[in-house]
Amino acid sequence: DCLMALWNVPRRLPGHRSAACRAALRMQATLVKLNEGLSLDDRPEVRFRVGIHTAKVLVGNYGCDHRISYTVLGDGVNLASRLETSNKFFGTVMIVSESTVEGAETEFQFRRLGRIMVPGKTQVIPAYELLWERDACGPAPEQPLPAPVEDPAPDPLVMHQWQWVRRDVVLRAVQSFEKGIALFTEGDAHGALPSFLEALTVLPSD
């Protein structure tokens with residue numbers, strides 16, 4: 001099933017894009033702790049996917065005299081749902097739209113994934129992966145930093161694909177991947193391949 005959350009309604013919320021991204025990351029962190037308890041009971045882990053979009057929509061109480069629901073309607077709602085579903089294709093956890101990135105890029109690390117076509121629309125939509133909050137990175141609880149002894153100040157760990165990975169490793173993979181995406185978007189699929197392979201070499205779990 002799915003859960004829809006709203007920001008900036010019914011009251012205006014400054015920084016609502018960042019608030020949505022922060023909530024998604026905290027949900028993931030909380031779910032990781034929950035799964036630790038489930039694994040102790042030999043129960044299957046729970047996973048989720050997130051789609052975040054910023055748009056103007058219709059908001060209010062909809063329904064009839066017998067049943068009324070406070071909700072939102074519009075293309076923006078459908079696009080957020082499509083972004084969530086696109087995680088299946090990209091193998092990611094959280095995908096956000098460009099309209100969300102533009103208001104939160106100074107606070108969060110994103111990765112450009114490419115462009116997606118929304119069913120029923122002719123316009124392609126740039127898609128980005130939400131990676132982490134820039135000022136909230138740190139080691140996983142009770143997790144040793146996998147750094148060589150000679151490294152006096154190892155990079156913190158970040159959650160990536162449900163695994164704790166050194167932030168500098170993820171950044172190197174992201175840089176190679178985005179270089180490949182840029183070449184692929186320009187029509188140079190052959191030239192993009194080495195960059196994609198380099199990203200997988202740096203971060204095989206990606």
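This briefing walks through the fold of one protein chain, from its overall make-up to a few single residues. The model is a predicted one. The protein chain's secondary structure adds up to five helices and eight strands. At the centre of this tour is an open, mixed sheet of four strands, ordered β1-β4-β6-β5, with helices α2 and α4 lying against it.

**The chain as a whole**

- Reading from the N terminus, the elements go α-β-β-β-α-β-α-β-β-β-β-α-α.
- Along the principal axes, the C-alpha atoms of the protein chain take up a box of roughly 70 × 50 × 35 Å.
- Of the 206 residues in the protein chain, 36% are buried.
- Take the contacts in the protein chain with a separation of 6 or more: 53% of them come from residues 24 or more positions apart.
- About 13,100 Å² of the protein chain is exposed, and carbon and sulfur atoms supply 53% of that area.
- On the charge side, the protein chain carries 22 positive and 25 negative side chains, and the centres of these two sets sit 7 Å apart.

**The four-strand sheet**

- The sheet is open and its pairing is mixed, with the strands in the order β1-β4-β6-β5.
- Its edges are β1 (50-52) and β5 (108-117), each of which pairs on one side only.
- Neighbouring strands of the sheet are turned by 30° against each other on average, direction ignored.
- Starting from the β1 edge, β1 and β4 run parallel and are joined by three bridges; here Ile52 sits opposite Val96 of β4.
- Next along, β4 pairs with β6 in the antiparallel sense, over three bridges. Val96 turns up again here, standing opposite Tyr128 in β6.
- At the other end, β5 and β6 (residues 124-133) are also paired, antiparallel and over nine bridges. Met117 has Val124 in β6 as its bridge partner.

**What covers the sheet**

- Is β4 buried or exposed on its two faces? Both faces are covered: Met94 and Val96 on one side are buried, and so are Ile95 and Ser97 on the other.
- Helix α2 (residues 75-90) lies across β1, β4 (94-97), β5 and β6, and it runs at about 135° to β4.
- Helix α4 (residues 167-185) packs on the sheet as well, touching β5 and β6, with its direction at about 30° to that of β5.

**The β7-β8 hairpin**

- β7 and β8 make a hairpin with two residues between them, and Gln161 in the turn has a positive phi of about 55°.
- The two strands, β7 and β8 (residues 163-166), pair in the antiparallel sense over four bridges. One of the matched pairs is Leu157 with Arg166 of β8.
- Side chains alternate along β7 (residues 157-160): Leu157 and Met159 point one way, Val158 and His160 the other, and all are buried.

**Three residues to click on**

- *His160.* You'll find His160 in strand β7. With a relative accessible area of 3%, His160 falls under the 20% cut-off, so it counts as buried.
- Which residues are in contact with His160, leaving aside its neighbours within four places in sequence? The set is Arg111, Glu129, Leu131, Val165, Val170, Leu203 and Asp206. Among these, Arg111 falls within β5 (108-117), Glu129 and Leu131 within β6 (residues 124-133), and Val170 within helix α4 (residues 167-185).
- *Met27.* Met27 belongs to helix α1 (residues 16-40). Its relative accessible area is 41%, which lies between the 20% and 50% cut-offs, so Met27 is partly exposed.
- Met27 and Phe48 are 21 residues apart along the chain, and their C-alpha atoms are separated by 9.3 Å.
- *Lys179.* Lys179 is in helix α4. Its relative accessible area of 54% is over the 50% cut-off, so Lys179 counts as exposed.
- The C-alpha atoms of Lys179 and Ser195 are separated by 6.4 Å, with the two residues 16 apart along the chain.

Technical notes
Residues are numbered from 1 along each chain as its sequence is written. This is a predicted model: local features need pLDDT of at least 70, side-chain atom pairs count only at pLDDT 80 or more; totals for chains, interfaces and linings use all residues. Side-chain values use heavy atoms; hydrogens and water are left out. Two strands pair if DSSP finds at least two bridges between them. Axes are lines fitted to C-alpha atoms, for helices over the stretch in contact, and angles run from 0 to 180 degrees between N-to-C directions. Contact means heavy atoms within 4.5 Å. Buried means under 20% relative accessible area, exposed over 50%, partly exposed in between (1.4 Å probe, protein chains only). Accessible areas come from the Shrake-Rupley method with a 1.4 Å probe; for residues, only the protein chains shown count as cover. Lys and Arg count as positive and Asp and Glu as negative; His and the chain ends are not counted. The place of a charge is taken as NZ of Lys, CZ of Arg, CG of Asp or CD of Glu.
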